[in-house]
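Visitor: I should be grateful for a close look at one part of this model, namely its largest pocket and the parts of the fold that share residues or strands with it.

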Amino acid sequence: MTGRTTKGAEKVTKKTAAKPAVAVPKLLSGGNPQIPKGYGDAPVQAYIAAMPGWKSEIGRRLDALITRTVPGVSKAVKWNSPFYGMEGQGWFLGVHCFAKYVKVAFFKGASLHPLPPGESKQREVRYLDIREGDAFDEEQIASWVEQASRLPGERM
């Protein structure tokens, strides 16, 4: 019987064994969190929590502003980026981390007034790049979000 354990002892050992720690999301190039595709608030909050350094605070501020400005907004993480949209109308905005800034993509940004500052190779898309220490013009961003939410969104 030496070296053997009883079935009862095996059960206790299995139950009391330490559980593995929750895995920290991998950061892709530029510090963009690798979050599994998912719909709803939970994957978006996981993405925001995994954004490195000062970018996480920008993510929280953007998410709160979008949620407050567009009641009932739909959320998802697709292609390692949070997306915001209207049920049945498609996505109007996406967020992505880069090494030195957070990029907000307005998918129909060419229709917004005033135009968001960043140009795109895609005719309708406009960007807002937020760098560490930049002023966060909440009123202007909220205006763009509100305008974008009323436009037909992108099906992705």
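Guide: The largest pocket has a volume of about 260 Å³ in this predicted model. Its lining comprises 13 residues, and those nearest the centre are Phe 83, Gly 94, Ala 105, Phe 107 and Tyr 127. By class, seven of the lining residues are nonpolar, four are polar and two are charged. Strands β3, β4 and β5 each contribute at least two residues to the lining, with β4 giving the largest share, three residues.

Strand β3 spans residues 81-86 and includes Ser 81. Ser 81 counts as buried because its relative accessibility is 8%, below the 20% limit. Its side chain forms a polar contact of 2.6 Å with the side chain of His 96. Beyond its neighbours within four places in sequence, Ser 81 is in contact with Asn 32, Tyr 47, Ala 76, Val 95 and His 96.

Strands β4 (90-97) and β5 (101-106) also give two or more residues each to the largest nonpolar core. This core has 30 residues, and among those with the most contacts inside it are Phe 92, Leu 93, Phe 106 and Val 145. Helix α4 provides the largest share of the core, five residues. Apart from neighbours within four places in sequence, Val 145 is in contact with Leu 65, Ile 66, Thr 69, Val 70, Phe 92, Leu 93 and Phe 106. A second, separate core has seven residues, including Ala 76, Trp 91, Ala 105 and Val 125. Ala 105 of that second core is also one of the residues nearest the centre of the pocket.

Methods: Residues numbered from 1 in each chain as written. Predicted model: local features only at pLDDT ≥ 70, side-chain atom pairs only at ≥ 80, totals over all residues. Heavy atoms only, no water. Helix = DSSP H or I, 4+ residues; strand = E, 2+ residues; numbered from the N terminus. Buried < 20%, exposed > 50% of the residue type's maximum accessible area, 1.4 Å probe, protein only. Polar contact = N/O pair within 3.5 Å; in protein donor to acceptor, adjacent residues only side chain to side chain. Contact = heavy atoms within 4.5 Å. Core = buried A, V, L, I, M, F, W, Y, C linked by side-chain atoms within 4.5 Å. 1 Å grid on protein atoms, 1.4 Å probe; cavity = no way out; pocket = protein on both sides within 12 Å on 5 of 7 lines; lining within 4 Å. Points joined across faces, edges and corners; volume = space filled by probe spheres on them. Nonpolar A, V, L, I, M, F, W, Y, C, P; charged D, E, K, R; others polar.
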